[in-house]
Amino acid sequence: MRLVVEPACGPLTGRYVAPGDKSISHRLAILAGLAEGESVVSGYLDSADTHATLAAMASLGAVVTEANGQLRIRGGTLAAPDTPLDLGNSGTGVRLLAGALAGHPQLFGHRIHLVGDASLSRRPMDRIIEPLRGMGGKIEDRSGCLPLVLSPAPLRGIRYRPRVASAQVKSAVLLAGLWADGETVVVEPGPSRDHTERLLPAFGVEVSRRDEEIGLVGGQTLQPGRFHVPGDLSSAAFAVAAGLIVPGSQIELDNVGLNPSRDGVLRILEAMHGQVDRHAAAAVGNEPVGSLSVQASGLKGADIPPAWVPLAIDEFPVVMALAAVAEGRTTIRGAAELRVKESDRLAVMCRQLARLGVVVNETADGAEIQGGPVRGGIVDSCGDHRIAMSLAVLGLVAEAPVRIENAEWIRTSYPGFVDDLSALGAVLHWEEEE
Ligand code: S3P
């Protein structure tokens, strides 16, 4: 399906409530499915990715019911499913699940197949296979990619330093460590989002955190609980970006997760002279949550420090869209990880921006983007939800309508995107592709 975005003819205004956090939703589905008893989760993200993880847990024996906007997940008794677990487009789902299942004692003697869609099947899994094998995990793969076949087996603790700063790798190893003999320690090469180590203690698991070392001792029992999922800053980033570039806009955002390991996008926007004020963050569960006020601003290009990249890893498509209309040049470096996301986000964004007349130079680990006028025209999400939404935001300030092909992928993380932007005053509609 094609999403048509009309150039905005007035400011975007109003209150915006972000959908539930995707990373936290995945983790809650998995941890509640492992915990012995019934957990209650409110605010769980309604999206294709997070449904895939929940469905996988249900296939493994977790009992999932939904009523009055709350999920009830009864876990603790896993059984091998008859069919492959299909994680669709979700790297987080498949990597965290592989870790959680690799040494699960209730699954010993079984074979569990993990599969995904074409995009996920191209993404590197060796980054989790290597440490899990190092723990004694038995995993068959196809040249470091899906499908994976797990033969859950007893694991031993490991001290592991991933090659890249990755919350998915860290989490896969820690979740495997839950069943391992002895202590499992991940030594982070750089900071990455810390939702797993914040959530595990809420399930009664003792986690040690010393500088860049996160550890736990295997054999601890997970206790169920009540949890609330805060709003996703990565989804809210599209509304924030739209508010910054559509002249005269003023948007108030409530219930946004402001975890410091995720707030790189706010630092980048500040460096680009975007006016985004944060208001008193309170803790919801173990996560800082707050509100934001966004005011349309004359953005300026910036040289983004590589150290900020892991803290804003999912927001680079929208940052690149903003750079296209900022005054001057924006430089991104140290961001080669973007090439192994749902698409090669550096290549795809550079190609689509060029189709709209933006002057871009793709580099091995980043891009240089010269801000200027943006033409209308046809672009392609290339099956990547965040690219579709980033191009939609850019369309609001293009000279003519922007038509985004394959935009239905937005459902991966944010099915309410079009409605939420429309409620702020944007004009977008769906059109069949010829
Ligand atoms: C995620 C971690 C990030 C991010 C992804 C969600 C998570 O990936 O890109 O969308 O929930 O752990 P990496 O940790 O591989 O960088």
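## Backbone features and ligand site

Asn68 lies in the loop that links strand E4 (63-67) to strand E5 (70-75). Although Asn68 is not a glycine, its phi is positive, at about 50 degrees. The structure is a predicted model. A further backbone feature occurs at Pro147, which is placed in strand E9 (residues 145-150). The peptide bond leading from Leu146 to Pro147 is cis, and its omega is near -5 degrees.

The remainder of this report concerns the ligand. The ligand occupies the largest pocket. Its surroundings are formed by Ser23, Arg27, Thr92, Ser166, Ala167, Gln168, Arg193, Ile313, Asp314 and Lys341. Sorted by class, this shell holds 4 charged, 4 polar and 2 nonpolar residues. Two helices, H1 (22-34) and H6 (167-177), each contribute at least two residues to the shell.

Where does the ligand lie with respect to domain 1 and domain 2? Domain 1 (2-20 + 230-431) and domain 2 (22-228) both provide residues of the shell, and the ligand therefore lies between them.

Polar contacts with oxygen atoms of the ligand include those in the table below, which involve Ser166, Gln168 and Asp314.

| Residue | Protein atom | Ligand atom | Distance |
|---|---|---|---|
| Ser166 | N or O atom in the side chain | oxygen | 3.0 Å |
| Gln168 | polar backbone atom | oxygen | 3.0 Å |
| Asp314 | polar side-chain atom | oxygen | 2.6 Å |

Taken alone, the ligand exposes 380 Å², of which the protein buries 95%. In the table, Ser166 and Asp314 each use a side-chain atom, whereas Gln168 uses a backbone atom. Ser166, Gln168 and Asp314 are among the residues around the ligand.

Note on methods
Residues are numbered from 1 along each chain as its sequence is written. This is a predicted model: local features need pLDDT of at least 70, side-chain atom pairs count only at pLDDT 80 or more; totals for chains, interfaces and linings use all residues. Side-chain values use heavy atoms; hydrogens and water are left out. A residue is near a molecule or strand if one of its heavy atoms lies within 4 Å of it. A polar contact is a pair of N or O atoms within 3.5 Å; within protein, one must be able to donate a hydrogen and the other to accept it, and residues adjacent in sequence count only if both atoms are side-chain atoms. Accessible areas come from the Shrake-Rupley method with a 1.4 Å probe; for residues, only the protein chains shown count as cover. On a 1 Å grid over the protein atoms alone, a cavity is a set of points where a 1.4 Å probe fits but cannot get out, and a pocket is an open set with protein on both sides within 12 Å along at least five of seven lines; lining residues have an atom within 4 Å of a point. A molecule sits in a cavity or pocket if more than half of its atoms lie within 2 Å of its grid points. Helices (H or I, at least four residues) and strands (E, at least two) are DSSP runs, numbered from the N terminus. Ala, Val, Leu, Ile, Met, Phe, Trp, Tyr, Cys and Pro count as nonpolar, Asp, Glu, Lys and Arg as charged, and the others, Gly among them, as polar. Domain bounds come from an automatic or database domain assignment.
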